[in-house]
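Thanks for making room for me this morning, everyone. I'd like to walk you through one model, so let me put it up on the screen.

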Amino acid sequence: MPIEGQEPSPTAAYPGRVPPPRRLRLGSRTSPLALAYAGRVVKALHQVAPELHIDIVGIRTAGDSWQGDLAELGGKGAFMKELDKALLLGRIDMAVHAMKDVPCDVPLPPGLVFAAYLERADVRDCLVWRAGSTYSSLDELPAGSAVGTSAVRRKAQILRARPDLRVERLRGNVNPRVAKLDESEKFEALVLACAGLVHAGLGHRIGQVLPFDRMCPAVGAGVVGVQCRTADEEIRELLQPVDHPETRTLVVAERAMLHELRGHCNSPIAGHCTVTSDGRLSLRGMVFSGDGRQFVCAEERGSRQRPVELGGLIAATLNREGAPKIIAGTAR
């Protein structure tokens, strides 16, 4: 099964021809955070084509409407189906996605491609304390305290560090989740993405930023991808100058690893790729059991020209160390 964008695309200057005369429609989920991501895309496009007219079209997805376990809707793809359909039917010209929500266990619908990845933002996760809290670090929380998160990856790593805490599911968009934290005494803290809080206008609520040795990021964390129809050469050409080549390389490596691991939406898998001081790629991958007690980790360096191979190497190492057994033990 192919991985989209296996080779990093070359950077090309905007060719200078007149942008499409029609008003372009950019599809987005309707949450404030998703609309903020869409705003980033519009801003980036206006920097290369100031005269371009772009309307943001809000589309509510099944994943946004559902408050239960995402696995019951088929996983993270529930955040994409309505946008994919609108794109394929020509109701929108482009769609914006948070790449951490784009699954790797199913291919993109035929005829769609990620034509651009914006420059990666902060990938770190953080603790958000309930209003008035006196705590300042994960280590200070009393045993039995409840921490809220919607991500199995975060739950596993919190429990790995503090098995005496209660980590309970709290789904929903960023703003309502923070409001629920403050309105109820059920949770002492939430685990959320630093970048998401900043884009949602809640950067002041960032409490403890969790270091990488305690919270390895999600595959695709901090990256906004722009999807369009493969056959729409005009849109693909328009998006080319806003594609960030380094970010594309990092995302391709991480997603190649995730694809080869064959994980599902309830598999606690983390992956983070960076560029080293000598210009090579460094990729770290981790697979956890649901309670964080079992985990395997692998880290390797490789060429920037071969991100897919590096992702495959990390996945192969994790598989030899027992990742398939751990993944099989997590409920779908």
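Let's start with the rings. This is a predicted model, and a search through the whole of it turns up two aromatic pairs. One of them is formed by Phe114 and Tyr117, and it counts as stacked: the centres are 5.9 Å apart, with 20° between the planes. Are these two residues buried or exposed? Both Phe114 and Tyr117 are buried.

While we're on rings, have a look at Phe295 as well. Arg160 lies over the face of Phe295, 4.0 Å from the ring centre.

Now, cysteines. How many disulfides does a search of the whole structure find? The count is zero. Two cysteines may still catch your eye. Cys104 has a relative accessible area of 7%, which is under the 20% cut-off, so Cys104 counts as buried. For Cys273 the relative accessible area is 1%, so Cys273 is buried too.

Next, please find helix α5, residues 174-183. Its buried residues are Val174, Arg177, Val178 and Leu181. Where do they sit around the helix? If you look down the axis of α5, these buried residues fall within an arc of 95°, so they line one face of the helix. And what does that set of residues pack against? The partners are two helices, α1 (32-48) and α6 (194-199), along with two strands, β5 (125-129) and β8 (189-193).

That brings me to the nonpolar cores. The largest one has 40 residues, and Leu45, Met94 and Leu239 are those with the most contacts inside it. Which element gives the most to this core? That would be α1, with seven residues. If you'd like to zoom in somewhere, try Leu45. Leaving aside residues up to four places away in sequence, Leu45 touches Leu52, Ile54, Met94, Leu238, Leu239 and Val242. There is also a second, separate core of 21 residues, and among its members are Val219, Met257, Leu281 and Ile314.

Let me zoom back out to finish. The secondary structure of the chain comes to ten helices and twelve strands. Of its 332 residues, 51% count as buried. And if you take the contacts between residues at least 6 apart in sequence, 69% of them join residues at least 24 apart.

That's my tour. Thanks for listening, and I'm happy to go back to any part of it.

Methods
Residues numbered from 1 in each chain as written. Predicted model: local features only at pLDDT ≥ 70, side-chain atom pairs only at ≥ 80, totals over all residues. Heavy atoms only, no water. Phe/Tyr/Trp six-rings, centres within 6.5 Å; stacked < 30°, edge-to-face > 60°. Buried < 20%, exposed > 50% of the residue type's maximum accessible area, 1.4 Å probe, protein only. Lys NZ or Arg CZ within 6 Å of the ring centre and 35° of its normal. Disulfide = S-S within 2.5 Å. Helix = DSSP H or I, 4+ residues; strand = E, 2+ residues; numbered from the N terminus. Arc of directions from axis to C-beta. Contact = heavy atoms within 4.5 Å. Core = buried A, V, L, I, M, F, W, Y, C linked by side-chain atoms within 4.5 Å.
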